[in-house]
Amino acid sequence: MHDINYFHENTEAVKQNLAKRKFNTAIIDECLAINSKRKELTLFVETTRAEINQVSKQVGELKKNKQNADEKIQKVGHLKALIAEKEKELEATQTELNTRLSSIPNLVDDEVPAGESDKDNKEIFQRGNPAKFSFKVKDHVALGEALGMLDFEAASKMSGSRFVVYKGQFAQLERALINLMIEEHTKVGYEEIIPPYIVNSNSLFGTGQLPKFKEDLFRLDLPDRDWYLIPTAEVPVTNLKREQIFNASELPLKYVSYTPCFRSEAGSYGKDTRGLIRLHQFNKVEMVNIVAGEKSEDAHQEMIKRACSILDLLELPYRGILLCGADIGFSARKCIDLEVWLPSQNTYREISSISNCGDFQARRASIRYRDAQGKPVYAHTLNGSGLAVGRALVAVVENYQNEDGSITIPKILRPFMGGRERIAKI
């Protein structure tokens, strides 16, 4: 949740910042007006309570002195009825303010450029050179189906579109990628987490998926159950510290988690309908950091390096993109996307988003630690794919394809593949 007092003190700066996102800043004035009303009601309730206490004492004194207190008793009754009405109005006003504030995205970092769309994102580095093939390249779907190792038809029969069945060596390759990523992250100090794959709405609110992105989530249709399938491990892992005040000595907290992820992709119909790029269910290895505010930029750079290291080990060409204000995620103050080269599309495609959320999620989820003076302060949270596993498989299959339709296995993955050097039709 945003700090409304910060909005009061920095109104124009906040509006200019949110304008980078192409966000309608009229809601800022609405929030300020609602907060002014909330302050007036709060003052009225507090002064009326004080008056009730004062008059109640007078009633006591009058009764003590055996004097008539009926007038004062009537006044107390009138004030109590009045305050009950105003307390309801105050509660409704506070709820309205919270609802408006919860719909406002994070303020972006000064480094984030303004822009109209993803076309205004800024490339900040590029590594590796796309391979040149002496034959016409195939996409991962054609390669996987020819090998009999990707089955979209069977998945469609049992579940619907945008699902897949991995078979044989492709299933093993997916698992090999997961194992590589987890091992690489844990050996440099990340704690592995296996969280629940079902969370409640409070968890999703804390990380910013609710209420704005409700249509992108899978809600379980069960009576008396406030349950959703996770869209990413970011949700349960960040919520490990929800509604806690912990010691600064615990920081930094560095987690890594492999989970399946579930997304309805409500706003992406017609996009990437072929293959593994945009599925309703996919695997991802996620990094989450919870750090002190002054350490969040360093943590962000470290997480970017971690994600890059996996692509380096796989020897895949990729680039880093600084997202502009019009393309950055709701909870992020700064985001770097890593995009991997896909030969079949002759372009780079996103394989990781590494976001510094500042204290935005911590405010919504009440994640705090005690500073050197013992004062509770909000932590900073960060998250990033380390990597999206299915998209990593796509990149490996397409970049390492051979003219005969076989796939050369990257050297780093061979120990996870029983020493096998190639994936070929059996």
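**Notebook: bridges, cores and a sheet**

I began with D359, which has 26% relative accessibility and so counts as partly exposed. Its partner R363 also comes out at 26% and is likewise partly exposed. The side chains of these two, R363 and D359, meet in a salt bridge, with 3.2 Å from N to O. On the same topic I noted a network: E30, E96 and R100 are joined through salt bridges that share partners. A reminder to myself: this is a predicted model.

**Salt bridges**

How many salt bridges does the count come to by the rule used here? I got 24.

I then picked out K15 and D29, whose closest N and O atoms are 2.9 Å apart in a salt bridge. K15 sits in helix α2 (residues 11-19) and D29 in helix α3 (residues 26-64), so I noted a pair that links distant parts of the chain, 14 residues apart. Is K15 buried or exposed? K15 has 16% relative accessibility, and because the cut-off for buried is under 20%, K15 counts as buried. D29 is partly exposed, at 39%.

Next I looked up E111, which forms a salt bridge with K334; here the closest N and O atoms are 2.9 Å apart. E111 lies in the loop between α4 (70-102) and β1 (122-127), while K334 is in strand β11 (residues 334-342), so this bridge ties together parts that are 223 residues apart in sequence. K334 is buried, with a relative accessible area of 4%.

**L180 and the cores**

I went to helix α7 (residues 168-186), where L180 has its place. L180 is buried, at 1% relative accessibility. Which residues is L180 in contact with, leaving aside neighbours within four places in sequence? I listed L313, L314, I412, L413 and F416. I also checked L180 against P415: they are 235 residues apart in sequence, yet their C-alpha atoms are 9.6 Å apart in space.

The largest nonpolar core holds 57 residues, and L173, L177 and I423 have the most contacts inside it. Helix α7 supplies the largest share of this core, eight residues. I followed L173 outwards: not counting residues up to four places away in sequence, L173 touches L393, V396, V397, L413, M417 and I423. Another core, of 15 residues, lies apart from the largest one, and F246, L253, Y255 and A365 are among its members.

**A surface patch**

On the surface I found a nonpolar patch made of I194, Y197, I198, L222 and W227, together about 450 Å² of accessible area. I194 is in the loop between β4 (191-192) and β5 (198-199). With a relative accessible area of 67%, I194 is exposed, because the cut-off for exposed is over 50%.

**The sheet**

I traced an open sheet of eight strands, in the order β1-β10-β11-β12-β15-β9-β8-β4, with mixed pairing. Which are the edge strands? They are β1 and β4, and each pairs on one side only.

Strands of a sheet pair through backbone hydrogen bonds, either parallel or antiparallel. I took β8 (residues 253-262) and β9 (residues 281-291) as my example: they run antiparallel, joined by 10 bridges. One partner I looked up there: V256 has M287, in β9, as its bridge partner.

Key:
Residues are numbered from 1 along each chain as its sequence is written. This is a predicted model: local features need pLDDT of at least 70, side-chain atom pairs count only at pLDDT 80 or more; totals for chains, interfaces and linings use all residues. Side-chain values use heavy atoms; hydrogens and water are left out. A salt bridge is a side-chain nitrogen of Lys or Arg within 4 Å of a carboxyl oxygen of Asp or Glu. Helices (H or I, at least four residues) and strands (E, at least two) are DSSP runs, numbered from the N terminus. Buried means under 20% relative accessible area, exposed over 50%, partly exposed in between (1.4 Å probe, protein chains only). Contact means heavy atoms within 4.5 Å. Patches are made of residues with over 30% relative accessible area and no salt bridge: like charges are joined within 9 Å, nonpolar side chains (Val, Leu, Ile, Met, Phe, Trp, Tyr) within 5 Å. Accessible areas come from the Shrake-Rupley method with a 1.4 Å probe; for residues, only the protein chains shown count as cover. A nonpolar core is a set of buried Ala, Val, Leu, Ile, Met, Phe, Trp, Tyr and Cys residues joined through side-chain atoms within 4.5 Å. Two strands pair if DSSP finds at least two bridges between them.
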